[in-house]
Amino acid sequence: MLRYLTLLLASFPALATDTPAPGVSASSYVQAGLALCLIIGLLLGTTWLARKVSGGKIFGQGGMKVIGGVALGPRERLVLVEVGDTWLVIGIVPGQIRTLHSLPKGAPAADHLAEHADAPFATWLKSITDRRIND
């Protein structure tokens with residue numbers, strides 16, 4: 001019986017040798033993990049460097065800041081934007097953006113509208129808001 005088993009093993013040399021089963025070794029996982037940590041570190045380092053170079057500002061602001069906004073309808077908005085020392089009231093509708101009014105930075109809107117009660121925008125805005133309240 002042993003003789004037959006020896007002949008059988010001799011005919012299949014791959015079965016007679018002690019080779020490890022194919023698979024992924026632990027060192028491959030460690031290498032992939034370290035590469036991932038390196039890539040994440042490079043991304044974080046680049047972000048930190050970009051903030052240092054730009055003075056901590058987020059890209060794309062360019063001295064403008066949105067103070068607030070009101071939706072007038074499903075696709076219409078009024079937005080108050082601060083640009084330098086000026087506040088701009090901007091009307092946004094599909095396909096068009098228009099500056100409706102400008103006032104000094106930080107000026108209370110109610111006081112400014114009371115000073116310029118004869119301004120066409122002030123009267124138009126008041127009529128629109130009254131109409132929306134009454135509906």
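Here are some notes on the structure above, which is a predicted model.

1. Overall layout. The protein has five helices and four strands, and along the sequence they run α-α-α-β-β-β-β-α-α. So you'll meet three helices, then four strands, then two helices, going by that pattern as defined from the N terminus.

2. Burial and surface. Of the 135 residues, 13% count as buried. The accessible surface comes to about 11,100 Å², and carbon and sulfur atoms own 67% of that. On the contact side, take the pairs at least 6 apart in sequence: 5% of them join residues at least 24 apart.

3. The core. Six residues make up the largest nonpolar core: Leu78, Trp87, Val89, Leu103, Phe121 and Leu125. Strand β3 (86–93) and helix α5 (120–134) each put in at least two of these residues. As background, nonpolar side chains in soluble globular proteins tend to be buried together. If you want a way in, try Leu78: beyond its neighbours within four places in sequence, its contacts include Val89 and Leu125, along with Gly68, Gly69, Val70 and Leu100.

4. Glu82, a residue to click on. Glu82 sits in strand β2 (residues 77–83). Is it buried or exposed? With a relative accessible area of 12%, Glu82 is buried, because the cut-off for that is under 20%. Its side chain makes a polar contact with the side chain of Trp87 at 3.5 Å. Leaving out neighbours within four places in sequence, Glu82 also touches Gly63, Met64, Lys65 and Ile67, among others.

5. The Glu82 salt bridge. How many salt bridges does a search of the whole structure find? Two. In one of them, the side chains of Glu82 and Lys105 meet at 3.2 Å, N to O. Lys105 is in the loop between β4 (96–104) and α4 (109–115) while Glu82 is in β2, so this pair ties together parts 23 residues apart in sequence. Unlike buried Glu82, Lys105 is partly exposed, at 43% relative accessible area.

6. The helix α5 salt bridge. Here the side chains of Asp130 and Lys126 meet at 3.7 Å, N to O. Both residues belong to helix α5 and are four residues apart, about one turn of the helix. Asp130 is partly exposed at 32% relative accessibility, and Lys126 is exposed at 53%.

7. A nonpolar patch outside. Leu36, Ile40 and Leu44 make a nonpolar surface patch of about 310 Å². Leu44 is placed in helix α3 (residues 26–54), and at 58% relative accessibility Leu44 counts as exposed.

How values were computed:
Residues are numbered from 1 along each chain as its sequence is written. This is a predicted model: local features need pLDDT of at least 70, side-chain atom pairs count only at pLDDT 80 or more; totals for chains, interfaces and linings use all residues. Side-chain values use heavy atoms; hydrogens and water are left out. Buried means under 20% relative accessible area, exposed over 50%, partly exposed in between (1.4 Å probe, protein chains only). A polar contact is a pair of N or O atoms within 3.5 Å; within protein, one must be able to donate a hydrogen and the other to accept it, and residues adjacent in sequence count only if both atoms are side-chain atoms. Contact means heavy atoms within 4.5 Å. A nonpolar core is a set of buried Ala, Val, Leu, Ile, Met, Phe, Trp, Tyr and Cys residues joined through side-chain atoms within 4.5 Å. Patches are made of residues with over 30% relative accessible area and no salt bridge: like charges are joined within 9 Å, nonpolar side chains (Val, Leu, Ile, Met, Phe, Trp, Tyr) within 5 Å. Accessible areas come from the Shrake-Rupley method with a 1.4 Å probe; for residues, only the protein chains shown count as cover. A salt bridge is a side-chain nitrogen of Lys or Arg within 4 Å of a carboxyl oxygen of Asp or Glu.
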